[in-house]
Amino acid sequence: MTAILTVTMNPSIDVSASTEKVVPVRKLRCTNVRHDPGGGGVNVARMIKRLGGDCRALYPAGGAAGHRLRHLLDEEGILSIPIQAAAETRESFTVVDQANRDQYRFLLPGAPLSEAEWQACLDRVAALVEPPRYIVASGSLPPGVPDDFFARLARVAALIDARIMLDTSGPALAAALEAGVHLVKPNLREFRDLTGLPLDREGDWERAAEALVHAGKADIVALTLGDQGALLVSRDVHLRTRAIPVEVVSAVGAGDSFLAGLVWRLSVGDGLADAFRYAVATGTAALLTPGTELARKRDTDRLYRQLMPHRTPDRNRKRI
Ligand SMILES: Nc1ncnc2c1ncn2[C@@H]1O[C@H](COP(=O)(O)OP(=O)(O)OP(=O)(O)O)[C@@H](O)[C@H]1O
Ligand SMILES: [Mg+2]
């Protein structure tokens with residue numbers, strides 16, 4: 001049985017390429033063209049698969065791009081649950097300027113969904129014959145989907161005894177927390193927007209995370225802090241990990257990879273502290289690959305070992 005289901009309401013086909021130099025008017029010949037499945041939950045599913053886990057991905061799919069998305073996910077061995085949608089699935093473009101390594105990221109608007117279509121997504125989750133233990137709800141909501149969509153999903157999750165792991169922003173994030181989730185993974189900017197607080201100091205982060213937990217909005221808050229590492233707060237534990245200093249090739253996808261590492265390790269029975277370390281390792285490993293490329297498992301495992309608490313030899317112990 002696959003314990004993890006990802007839900008991506010605003011998936012995309014990510015087209016990435018590089019060109020010599022980005023300048024206006026001239027035709028820019030591109031090379032290194034890639035087509036990757038994209039969108040928050042889709043990325044999490046791909047990363048879990050890469051780490052060696054299994055996962056189902058539910059998403060609305062429309063038109064030729066919707067078919068292509070399904071096909072690309074099939075190729076990666078990810079079990080798709082596509083929900084038929086009338087509007088064409090969106091595309092996004094990333095172009096790397098080879099002259100200065102700058103990355104230009106263009107996101108097209110999400111494919112709008114009708115009420116019947118987004119409701120069909122909720123109904124499909126509720127009707128799964130093998131309910132998942134974890135539902136990763138990640139990414140933005142496209143036009144037509146109400147802000148309380150993830151709150152509705154949280155209520156469905158409660159009915160089938162699944163745990164919601166949420167990574168979204170703005171009103172969709174706030175509404176979902178009103179319903180209550182198992183875990184929420186904001187970055188610092190999203191956390192500031194949510195709380196309306198400046199959160200300038202480290203102590204403020206911890207207090208604001210504790211407040212969410214005590215208000216019953218999330219059992220676990222995993223706050224990711226970019227080059228400052230991450231913080232995890234639940235009722236019983238407070239964990240803080242500094243960032244691992246690495247040469248950043250591309251910062252795209254660190255957050256999705258972090259969540260993938262965390263959910264996968266929890267799903268295989270790790271405790272929070274180990275899963276959290278693995279999450280930081282996965283997020284960091286995502287920085288080592290170019291463009292929208294996913295983290296490599298061997299980088300993740302190496303970085304994870306670096307974060308393992310060392311057992312210092314006890315010099316005073318008597319020899320027997
Ligand atoms: N510049 C960096 N140096 C070292 N580690 C980093 C850096 N950026 C991110 N990380 C690691 O990756 C984790 C997740 O990154 P981040 O906080 O940037 O997520 P995010 O803002 O959600 O990312 P995304 O842009 O993918 O949504 C961090 O907790 C940290 O461990
Ligand atoms: Mg993020």
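Q: Which element gives the largest share of the lining of the second largest pocket?
A: Strand 2 does, with 3 residues. A strand is a DSSP run of E of at least two residues, a helix is a run of H or I of at least four, and both are numbered from the N terminus. This is a predicted model, in which local features need pLDDT of at least 70, side-chain atom pairs count only at pLDDT 80 or more, and totals for chains, interfaces and linings use all residues. Residues are numbered from 1 along each chain as its sequence is written, chains are lettered from A and ligands numbered from 1 in the order in which they are written, and side-chain values use heavy atoms, with hydrogens and water left out.

Q: What makes the empty space lined by Met9 and Arg90 a cavity?
A: On a 1 Å grid over the protein atoms alone, a cavity is a set of points where a 1.4 Å probe fits but cannot get out, whereas a pocket is an open set with protein on both sides within 12 Å along at least five of seven lines. The search finds 1 cavity of 30 Å³ or more, and the largest cavity holds about 70 Å³. That volume is the space filled by probe spheres set on the points, which are joined across faces, edges and corners.

Q: How do you know that Arg90 is the charged residue of the cavity lining?
A: Lining residues have an atom within 4 Å of a point, and they include Asn10, Pro60, Ala61, Gly62, Thr89, Arg90 and Leu113. Asp, Glu, Lys and Arg count as charged, Ala, Val, Leu, Ile, Met, Phe, Trp, Tyr, Cys and Pro as nonpolar, and the others, Gly among them, as polar. The lining has 8 nonpolar, 3 polar and 1 charged residues.

Q: Which residues are closest to the centre of the second largest pocket, and what is its volume?
A: Its volume is about 320 Å³. Of its 14 lining residues, Val96, Arg101, Gln103, Pro290 and Gly291 are closest to the centre. Strand 2 (12–19) and strand 3 (30–38) are the elements that give two or more residues. By class, the lining has 4 nonpolar, 7 polar and 3 charged residues.

Q: Why are helix 8 and helix 9 called roughly antiparallel?
A: Helix 8 (residues 254–267) and helix 9 (residues 272–285) pack at about 150°, with axes 7 Å apart. Angles under 35 degrees count as roughly parallel, over 145 as roughly antiparallel, 65 to 115 as roughly perpendicular and the rest as oblique. The pair is therefore roughly antiparallel. Among the residues that meet are Phe258 and Trp264 in helix 8 and Phe276 and Tyr278 in helix 9. The contact has 11 nonpolar, 4 polar and 1 charged residues.

Q: Why are helix 4 and helix 5 called roughly parallel?
A: Helix 4 (residues 149–159) and helix 5 (residues 170–179) pack at about 30°, with axes 7 Å apart. They are therefore roughly parallel. Phe150, Ala151, Ala154 and Arg155 of helix 4 touch Ala172, Ala175, Ala176 and Ala179 of helix 5. These divide into 7 nonpolar, no polar and 1 charged.

Q: Why are helix 9 and helix 10 called oblique?
A: Their axes come within 8 Å and cross at roughly 130°, with helix 10 spanning residues 297–307. That angle is in none of the named ranges, so it falls in the rest. The two helices are therefore oblique. Among the residues that meet are Asp274 and Arg277 in helix 9 and Lys297 and Asp299 in helix 10. The contact has 7 nonpolar, 3 polar and 5 charged residues.

Methods:
Axes fitted to C-alpha atoms, helices over the stretch in contact; angles between N-to-C directions. Contact = heavy atoms within 4.5 Å.
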